[in-house]
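Here's a quick walk through one model, from single residues to a helix pair and the space inside. Have the sequence and the 3D view open as you read.

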Amino acid sequence: MDFTLLPAVDVVDGQAVRLEQGEAGTEKNYGAPLEAALKWQEQGATWLHFVDLDAAFGRGSNHELMAEITRALDINVELTGGIRDDASLERALATGAQRVNIGTAALKNPEWTSDAIKRHGEKIAIDIAVRKEGGQWRTKGDGWTSDGGDVWEVVERFDAAGCRRFVVTDVSRDGTLAGPNIDFLREVSAATDAFVTASGGIATLDDITALAAYLDEGIDSAIIGKALYENRFTLAEALQRTSS
């Protein structure tokens, strides 16, 4: 089993952006999403992490653009943002995406989400964004603005429902280049039989090497965003770290 890297393309109003700690209004524009996606594909990516931030914040949709880009690529794509009912789920899957991440709906409508896992299996991942508040890890929904309860209760619920992958983001690290929260990621991985995708904070090649060291614990992949856009390293260099 290999450690997988997923370069991220987050979209606001048709443009590729990065946020700091997931907060609306902190967008830094990086141009055309298709250009970024093709760049990562050319550099050797086998997966792309595609986020519709407008849908996540409930202020619009970039669905047609996401569908166009997904069809244009020869690599696997996971989609996330605003997938909260049967209609939006089926529309996301119809793009040809290999996986769809469900976040807010998992917190607000766990019964529907569990049924989606039952129907679609490994095509569904549970996207858990967390922030530590008062010494307790709390999940965050609605574009990371609302409280969704204790993280361990959420993990336990969807582990029992048959979830095969959790995408885990420490919101305080996302877009900050502060390094991943490896201790917390290992705690989540220990609490479930599902695989864990690490998200948030990667800044250096050493961060990637450090995460890949826990492949045998179930942390089998990582999403990389700002570090690539800010040219901290190339995707090709990062991929070399995971294959050596």
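## Three residues, a cavity and a helix pair

N231 is exposed, with a relative accessible area of 60%; exposed means over 50%, buried under 20%, and partly exposed in between (1.4 Å probe, protein chains only). N231 sits in the loop between helix 10 (226-229) and helix 11 (235-243). Though not a glycine, N231 has a positive phi of about 60°.

A word on the ground rules: this is a predicted model, where local features need pLDDT of at least 70 and side-chain atom pairs count only at pLDDT 80 or more, while totals for chains, interfaces and linings use all residues. Residues are numbered from 1 along each chain as its sequence is written, and side-chain values use heavy atoms, with hydrogens and water left out.

Here are the three residues side by side.

| Residue | Place | Relative accessible area |
|---|---|---|
| N231 | loop between helix 10 and helix 11 | 60%, exposed |
| Q15 | strand 2 (residues 15-18) | 30%, partly exposed |
| R99 | strand 6 | 8%, buried |

Helices (H or I, at least four residues) and strands (E, at least two) are DSSP runs, numbered from the N terminus. For Q15, the C-alpha atom lies 9.3 Å from that of L34, which is 19 residues away along the chain.

What does R99 touch, leaving aside its neighbours within four places in sequence? The contacts (heavy atoms within 4.5 Å) are L6, W47, V77, E78, L79, E122, K123, A125 and R165.

Now the inside. The structure holds 3 cavities of 30 Å³ or more, and the largest has a volume of about 430 Å³. A cavity is a set of points on a 1 Å grid over the protein atoms alone where a 1.4 Å probe fits but cannot get out, and lining residues have an atom within 4 Å of a point. Grid points are joined across faces, edges and corners, and the volume is the space filled by probe spheres set on the points. Of the 31 lining residues of the largest cavity, V51, A56, T80, D127 and W144 are the closest to its centre. Elements giving two or more residues to this lining include strand 1 (4-12), helix 2 (53-56) and strand 6 (99-102).

Last, the helix pair. Helix 4 (residues 86-93) and helix 6 (residues 110-120) have axes that come within 12 Å and cross at roughly 35°. Those axes are lines fitted to C-alpha atoms over the stretch in contact, with angles running from 0 to 180 degrees between N-to-C directions. D86, L89, E90 and L93 of helix 4 meet W112, A116, R119 and H120 of helix 6.

Key
On a 1 Å grid over the protein atoms alone, a cavity is a set of points where a 1.4 Å probe fits but cannot get out, and a pocket is an open set with protein on both sides within 12 Å along at least five of seven lines; lining residues have an atom within 4 Å of a point.
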